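Open the model in your viewer and keep the selection tool at hand. The stops below say what to select next and what is there.

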Amino acid sequence: MYSKAKIAGHPLHPMLVAFPIAFYVATLAGYGVYALTLDAFWFRMGLVANVAAVATAVLAAIPGFIDWAFGVPRGTPAKATGLMHMLLQVGALTLFTVDAGLQWGQWASAVPHVGVSVILAGVGVVLTTAGGALGWKMVGTHHVGVDLTVAQERLEPGANASEPGPRPVAGGQRAQGASVA
């Protein structure tokens with residue numbers, strides 16, 4: 001509906017957000033396991049995930065900002081929800097950027113220190129989760145990025161008779177035994 005950054009009609013931002021989310025969680029897991037085991041492999045895995053998280057979050061943020069700034073109408077609940085979503089995600093990105101900067105110089109260290117990194121990554125994952133809930137609200141409630149014309153065509157009686165599924169009958173009720181797909 002409002003998405004401006006698309007490929008073949010599909011919004012880019014929702015396609016890209018899975019990468020930083022996965023890398024954020026991997027960062028927390030890597031630093032957390034390292035803190036428990038002191039096995040340097042886990043520290044390095046966490047640091048690589050941290051850098052990848054920052055890079056992919058910036059990549060995902062660009063089409064997200066374009067959609068919010070140029071596609072979501074001003075003064076709407078969707079605009080306010082999008083702003084809160086963006087602020088939480090920028091907060092998480094900031095924490096993970098600081099975290100990567102703190103750990104970068106410890107790559108070759110025999111016993112890197114990660115206490116603060118576990119905390120930063122944990123808070124970052126919480127912010128990302130809260131921001132993700134608002135991102136889903138943008139789609140599920142405000143229908144940002146949803147082509148409602150296609151959805152409406154599928155809901156209208158006889159819009160496409162070749163598609164399987166329940167067909168409304170007189171009075172707007174489903175035929176008996178029809179299920180909701």
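Start by selecting F70, which sits in helix α3 (residues 40-71). Is F70 buried or exposed? Its relative accessibility is 60%, so F70 counts as exposed, the cut-off for that class being over 50%. Keep F70 selected and add V58, I62, F65 and I66: these five residues make a nonpolar surface patch of about 460 Å². The model is a predicted one, and these values are computed from it.

Now show the whole protein chain as a cartoon. Six helices and two strands make up its secondary structure. Followed from the N terminus, the order of elements is β-β-α-α-α-α-α-α. Switch to a surface view: the protein chain exposes about 10600 Å², and 70% of that area comes from carbon and sulfur atoms. Of its 181 residues, 30% count as buried. Among contacts with a separation of 6 or more in the protein chain, 69% join residues 24 or more positions apart.

Next, select helix α4, residues 77-104. Which elements do its buried residues pack against? They pack against α1 (12-16), α2, α3 and α5. To see this side of the helix, pick out the buried residues of α4, including A78, G82, H85, L93, F96, D99 and Q103. Then place a distance marker between the C-alpha atoms at the two ends of α4: they are 40 Å apart. This agrees with the expected span, because 28 residues at 1.5 Å a residue should cover 40 Å.

Two of those α4 residues lead to the next stop. Select S117, found in helix α5 (residues 115-140). With its neighbours within four places in sequence left aside, S117 is in contact with D99 and Q103, and also with Y31. S117 has a relative accessibility of 0%, so S117 counts as buried; the limit for buried is under 20%.

Finally, colour the protein chain by pLDDT. The mean is 88, and 84% of the residues reach 70 or more. Where is confidence highest, and where is it lowest? Helix α2 (residues 18-37) has the highest mean, at 98, whereas helix α6 (residues 148-155) has the lowest, at 71. Last, select residues 169-181, where the pLDDT is below 50. Beyond near neighbours in sequence, this stretch has ten contacts in the model.

Technical notes: Residues numbered from 1 in each chain as written. Predicted model: local features only at pLDDT ≥ 70, side-chain atom pairs only at ≥ 80, totals over all residues. Heavy atoms only, no water. pLDDT = per-residue confidence, 0-100. Helix = DSSP H or I, 4+ residues; strand = E, 2+ residues; numbered from the N terminus. Contact = heavy atoms within 4.5 Å. Patch = residues over 30% accessible without salt bridge, like charges linked within 9 Å, V, L, I, M, F, W, Y side chains within 5 Å. Areas by Shrake-Rupley, 256 points an atom, 1.4 Å probe, with all protein chains shown as cover. Salt bridge = Lys/Arg side-chain N within 4 Å of Asp/Glu carboxyl O. Buried < 20%, exposed > 50% of the residue type's maximum accessible area, 1.4 Å probe, protein only. Expected span 1.5 Å × (residues − 1).
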